[in-house]
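The following exercises are to be worked with the sequence and coordinates at hand. Each task is followed by a stepwise solution.

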Amino acid sequence: MGQFGIGQPLRRKEDPRLLQGRGQYTDDMNVEGQFWGAFLRSPHAHADILSVDLEAARAAPGVKAVYTSADLDADGVPDMPCEVELADLAGAPMWKPMRPILARNRVRFVGECVALVVAQTQAQAREAAELIEINWSPRPSVADAQEALKPGAPLLWPELGQNVPVHWQNKPSTEADAAMAGAAWRVDVNIVNNRLVPAPMEPKAALASWDEQEGKLTLWAPTQGGRKIQANLAKRYLRIAQDKMRVISLDVGGGFGMRGQTYPEYVALVWAAKQIGGAVKWRADRTETFFSDYHGRDQVNEAQMGLDEYGRIVALKIHTLVNLGAYMAENGPRMPIEGGGRIIPCCYHVPHFYFSVKPVFTNTVSTDTYRGAGRPEANFLMERLMDAAAEATGLTRDEVRRRNFITEFPYKTPMGYVIDSGDFARGMDDAMRMAEWDTFEERRAEAYSRGYLRGIGVAAFIEAAGGRAPTEDMRVRAELDGSVTIFSGSHSHGQGHDTVFSQLVNEFLGVEPASVRLVQGDTDVTPRGSIGTFGSRSSMMGGAGIKMSCEKLVAKGVKVAAHLMQSEPDAVTFSQGVFRAGASEMSFTQVAQAAWDATRIPEGMTPGLDEGHNFQREAENFPNGCHVCEVEIDPETGIAEIVRYVAVDDCGAVLNPLIVHGQVYGGVAQGLGQAMIENALYDAEGQFVSATYMDYGMPRAHRMPFIEVGFNTVACRTNPLGVKGAGEAGACGAPPAFIGALVDALRDYGVTHMDMPATPEKIWRAIYGAQFDTQESDGIYAEVT
Amino acid sequence: MHNFDYHAPKTLDSALALLRDKEDGKIIAGGMTLLPTLKQRLAAPSDLIDLAALSEMKGVRRDGNGIVIGAMTTHAEVAANGDVQSLIPALSHLAGVIGDPAVRHRGTIGGSVANADPAADYPAAVVGLNATIVTNKRKIAADDFFVSLFETALERDEIITSVRFPIPERAGYEKFRHPASGYAVVGVMVAKFGDKVRVGVTGAAGSAFRASDFEAALEKNFSSEVLLGIAVSPDDLLSDIHCTNEYRAHLVNVMARRAIAAA
């Protein structure tokens with residue numbers, strides 16, 4: 001490995017630009033003569049729209065147009081579909097509603113778009129939106145998935161007759177039941193996996209501009225790769241050729257899985273821009289971001305696991321409810337079944353597995369992909385079960401895991417996915433050693449002598465990386481000035497592609513990272529088969545695409561070099577940026593420059609070193625790891641402080657350890673956020689009551705523990721770079737490691753589980769027992785200063 | 001934000017004149033609560049009267065056995081002031097744990113006290129340290145100032161010009177901090193003036209209050225142990241999405257004991 005190549009901790013090339021405020025975000029874009037859009041949103045969780053009066057809004061200063069569903073319907077703009085297909089065991093397909101772009105006759109959650117105002121300024125658009133008069137007739141609402149199942153619960157879709165659109169099961173439970181009956185030990189775990197807000201720092205924003213002369217619409221918007229949104233908007237909603245739609249994503253302030261979707265706001269805005277024949281800009285405010293960006297998690301899991309007398313799992317049954325929200329987002333019901341299903345039952349061999357999932361409609365914003373997308377939920381459930389198994393069998397927590405780890409690879413999971421590689425026991429051993437697990441009891445005793453309760457938790461987890469789409473399109477071009485340009489289908493919105501992809505080019509072509517330029521996020525320029533970045537896929541998909549493209553460049557370069565050095569191609573070698581033939585040599589740059597000159601290349605050859613590769617993956621990869629968390633509880637307040645955190649990850653070959661560490665820190669922060677302070681909360685009336693950073697507990701840097709990171713590298717066998725994704729692992733490991741530690745600290749108080757977020761009040765009540773009449777609130781963590 | 005007219009008067013008199021003249025005028029004294037409210041379009045005052053230019057209302061000075069803090073003095077200035085640090089370190093500590101650095105450099109003591117947010121820190125200091133609220137019209141005793149949620153004894157055309165804190169023998173402030181907002185879920189200021197003790201509690205109820213049971217016990221014996229047996233009734237305390245009144249009642253006792261330890 002060279003100075004800048006694979007495995008080097010190259011510092012992020014993009015940081016000076018971003019940290020000095022020279023990033024370019026959607027809101028930085030403006031078009032001459034643009035209008036501004038503002039959405040009127042539903043203040044009700046559930047209500048009929050009896051009448052709409054737009055007169056005052058249309059007459060307000062600066063207003064160009066006011067649109068409702070009637071306008072979209074008149075132009076034949078279709079509603080939004082969910083892309084997931086599911087069926088029950090009898091083969092009956094899942095019932096799917098469509099979501100109107102702007103609410104038609106009824107609203108089903110607080111924040112649903114009802115009307116779009118287009119005006120000369122943002123202030124005018126917002127003022128006018130408030131002048132729209134709507135005669136509402138509120139309906140009863142339900143926000144909680146378990147409540148929505150009860151008889152008499154308000155129905156989101158009366159035509160369905162219930163709030164459950166399908167009861168999906170992997171198979172009948174017969175075999176699992178039989179195995180469970182014969183189990184020596186049975187453990188039960190019931191979990192509410194709390195709803196989270198993705199909360200990117202950059203709100204949704206858009207600038208939609210219609211060019212009448214070209215008949216072309218350009219949308220600037222923060223996405224995770226705009227190709228799919230381009231296709232959706234062009235073909236489904238605007239009914240124009242895909243190439244007449246251009247989506248540009250400049251810098252993006254956080255993706256987390258919530259940027260890939262074609263949000264209704266974008267549909268309304270591009271349609272409005274085409275209607276008025278001009279440009280419409282929009283930027284969500286923070287409140288809109290909180291209640292209209294798709295949320296994450298929100299599952300209820302009930303599970304039973306049976307073990308034999310040796311502590312080996314014989315059967316596992318899981319019943320999951322997933323709160324879909326009012327509509328089905330693009331990926332909504334996919335979260336537990338395919339998102340989590342790709343790995344469930346996680347690191348363990350389970351001979352008989354029964355899995356039942358009921359998606360549930362409620363009067364809330366839709367849930368969809370959010371960092372981990374079903375895998376954090378699955379891992380959390382499995383790790384709570386393993387801790388319960390340790391408690392029941394009397395085995396230590398590491399021993400019960402060790403006895404059940406998958407050890408033979410490739411391993412086909414009960415859901416049919418094939419895990420290529422891993423060494424789970426070694427990862428756990430490393431993590432426990434780094435965390436000084438063996439001497440923990442001394443630290444517990446020392447803390448106790450000071451009046452504090454200490455606990456330690458271990459969580460093994462597995463991830464599935466690569467995303468659903470099996471291809472990615474990358475192109476690498478050697479320029480005349482010796483630089484190299486990557487035209488990337490992968491899309492960086494914080495991941496550091498500029499850095500890592502430059503390292504790959506350095507590795508394969510010998511060009512210095514400073515001379516590599518990354519072009520991304522523009523559907524007019526990026527490769528036609530570009531997909532984007534989600535599901536921790538870019539190291540494998542984009543990385544392999546670059547490797548293959550570079551190999552093609554070198555293969556062609558060899559021919560050019562042979563021609564110039566008057567040698568046979570077979571006699572030319574290439575290594576570390578130099579072509580050699582006998583005593584002659586030419587640098588990659590020299591050959592690349594010559595290659596553009598038609599007079600210096602072999603006859604019939606197309607000039608230039610410019611090669612693309614549409615990489616088709618063989619399989620997803622399976623990052624995994626083990627985290628150990630140690631907490632200390634102040635029993636008087638219930639405040640838990642993380643005193644030690646160790647993360648050992650197997651993310652395959654490490655392309656840049658600095659970048660991977662960053663991914664681990666970020667993922668752990670989001671995982672600890674979920675475990676300790678984050679809670680997206682709807683009240684009994686369906687109002688979203690945690691819609692500001694004053695109420696929603698975002699994890700902050702100064703509250704994060706120091707995270708010790710280790711690598712347990714087992715190269716992936718199914719992709720050319722041997723990489724496994726790194727983006728979502730932290731969010732999988734942190735919640736069970738923290739809750740496991742907390743439960744361990746509270747073991748003398750009979751605590752076996754605590755739902756997230758584990759607030760000080762919950763912890764305090766666990767210590768002080770059931771001496772109170774009321775339940776704890778859904779509260780938020782606090783700290784003493 | 002709705003439209004409003006902005007005024008930055010140079011003198012207190014012109015600020016008062018504007019306040020009397022404008023139909024729906026609103027004073028801004030830092031704006032740490034008002035600005036977010038405006039941005040969320042939850043308030044629509046006709047006029048904003050900004051006190052930022054009133055230099056006479058800024059700064060900290062000694063005044064006999066007290067410290068007088070101008071109403072437009074920022075939290076950061078109070079926290080960093082040498083006199084406050086040496087004479088009432090608990091007050092300096094309190095000002096230094098309000099919100100976050102941005103809030104501490106914009107928010108002012110007058111703005112915070114006049115706003116009377118039930119979870120703000122300063123009300124605990126006003127009540128616990130027996131401060132006097134000085135306005136353009138009169139002096140208001142701490143015990144008479146906070147009326148209820150966001151409501152004070154201030155009249156419509158009354159502006160706080162300064163807050164006077166007597167110097168205690170000992171004082172301590174301890175706060176259970178909300179991680180999102182930085183507000184006090186419960187904050188307790190305990191202060192000893194000779195044989196008198198005052199305990200000011202913020203965050204727990206609709207407005208700051210004195211824990212008189214604690215005061216009586218501490219006047220006999222100023223030590224945290226005496227509070228161990230004194231339960232706080234949750235009856236009039238707040239329950240909300242952040243925590244219940246029972247937990248708040250418990251925290252009042254814990255924070256009071258820790259404030260004594262810090263005093």
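**Exercise 1. Domains and overall form of chain B**

Task: For this predicted model, state which domains the assignment gives for chain B, and establish what radius of gyration chain B has.

Solution.
Step 1. In chain B, the assignment places domain 1 at residues 1-53 and domain 2 at 170-262.
Step 2. Between the C-alpha centres of domain 1 of chain B and domain 2 of chain B, the separation is 34 Å.
Step 3. The secondary structure of chain B consists of 11 helices and 14 strands.
Step 4. Along the principal axes, the C-alpha atoms of chain B occupy a box of roughly 55 × 45 × 30 Å.
Step 5. A compact globule of 263 residues would have a radius of gyration near 18 Å; the value for chain B is 18 Å, so the two agree.

**Exercise 2. The interface of domains 1 and 3 in chain A**

Task: Describe the interface of domain 1 of chain A and domain 3 of chain A: how many residues are in contact, what area is buried, and which elements contribute to the side of domain 1?

Solution.
Step 1. Begin with the bounds. Domain 1 of chain A comprises 15-21 + 470-514 + 531-616, domain 2 comprises 31-139 + 201-254 + 259-292, and domain 3 comprises 296-466 + 619-768.
Step 2. The C-alpha centres of domain 1 of chain A and domain 3 of chain A are 40 Å apart. With contact taken as heavy atoms within 4.5 Å, 18 residues of domain 1 of chain A touch 21 residues of domain 3 of chain A.
Step 3. These two domains of chain A bury about 1300 Å² between them, and carbon and sulfur atoms give 64% of that area. On the side of domain 1 of chain A, A:Ser536, A:Ser539 and A:Met540 supply 41% of the area buried against domain 3 of chain A, more than any other three residues.
Step 4. Turn to the polar terms. The rule finds zero salt bridges across the interface of domain 1 of chain A and domain 3 of chain A, whereas five residue pairs are in polar contact, both residues being at pLDDT 80 or more.
Step 5. Two or more residues on the side of domain 1 of chain A that touches domain 3 of chain A come from each of α15 (497-509) and α16 (538-564) of chain A. The most come from α16(A), with seven residues.
Step 6. By class, that side of domain 1 of chain A has eight nonpolar, eight polar and two charged residues.

**Exercise 3. A salt bridge of helix α15**

Task: Which parts of chain A does the salt bridge of A:Asp498 and A:Lys13 tie together?

Solution.
Step 1. Over all chains, the structure holds 77 salt bridges. In one of them, the side chains of A:Asp498 and A:Lys13 meet at 3.5 Å, N to O.
Step 2. Because A:Asp498 belongs to helix α15 of chain A and A:Lys13 to the segment before α1 (15-19) of chain A, the pair ties together parts that are 485 residues apart in sequence.

**Exercise 4. Backbone exceptions in chain A**

Task: Locate the cis peptide bonds of A:Pro345 and A:Pro410, and state where A:Glu436 is found.

Solution.
Step 1. Recall the background: most residues other than glycine have a negative phi, and most peptide bonds are trans.
Step 2. A:Ile344 and A:Pro345 are joined by a cis peptide bond with omega about 0°; A:Pro345 lies in the loop between α10 (334-340) and β15 (353-361) of chain A.
Step 3. A:Phe409 and A:Pro410 are likewise joined in cis, with omega about -5°; the loop between α12 (397-402) and β16 (411-412) of chain A contains A:Pro410.
Step 4. A:Glu436, a residue other than glycine, has a positive phi near 55°. A:Glu436 is located in the loop between α13 (424-434) and α14 (440-449) of chain A.

Methods:
Residues are numbered from 1 along each chain as its sequence is written. Chains are lettered from A and ligands numbered from 1 in the order in which they are written. This is a predicted model: local features need pLDDT of at least 70, side-chain atom pairs count only at pLDDT 80 or more; totals for chains, interfaces and linings use all residues. Side-chain values use heavy atoms; hydrogens and water are left out. Domain bounds come from an automatic or database domain assignment. Buried area is the accessible area (1.4 Å probe) that two parts lose on being put together, summed over both. A salt bridge is a side-chain nitrogen of Lys or Arg within 4 Å of a carboxyl oxygen of Asp or Glu. A polar contact is a pair of N or O atoms within 3.5 Å; within protein, one must be able to donate a hydrogen and the other to accept it, and residues adjacent in sequence count only if both atoms are side-chain atoms. Helices (H or I, at least four residues) and strands (E, at least two) are DSSP runs, numbered from the N terminus. Ala, Val, Leu, Ile, Met, Phe, Trp, Tyr, Cys and Pro count as nonpolar, Asp, Glu, Lys and Arg as charged, and the others, Gly among them, as polar. The radius of gyration is taken over C-alpha atoms; the globule rule is 2.2 Å times the number of residues to the power 0.38.
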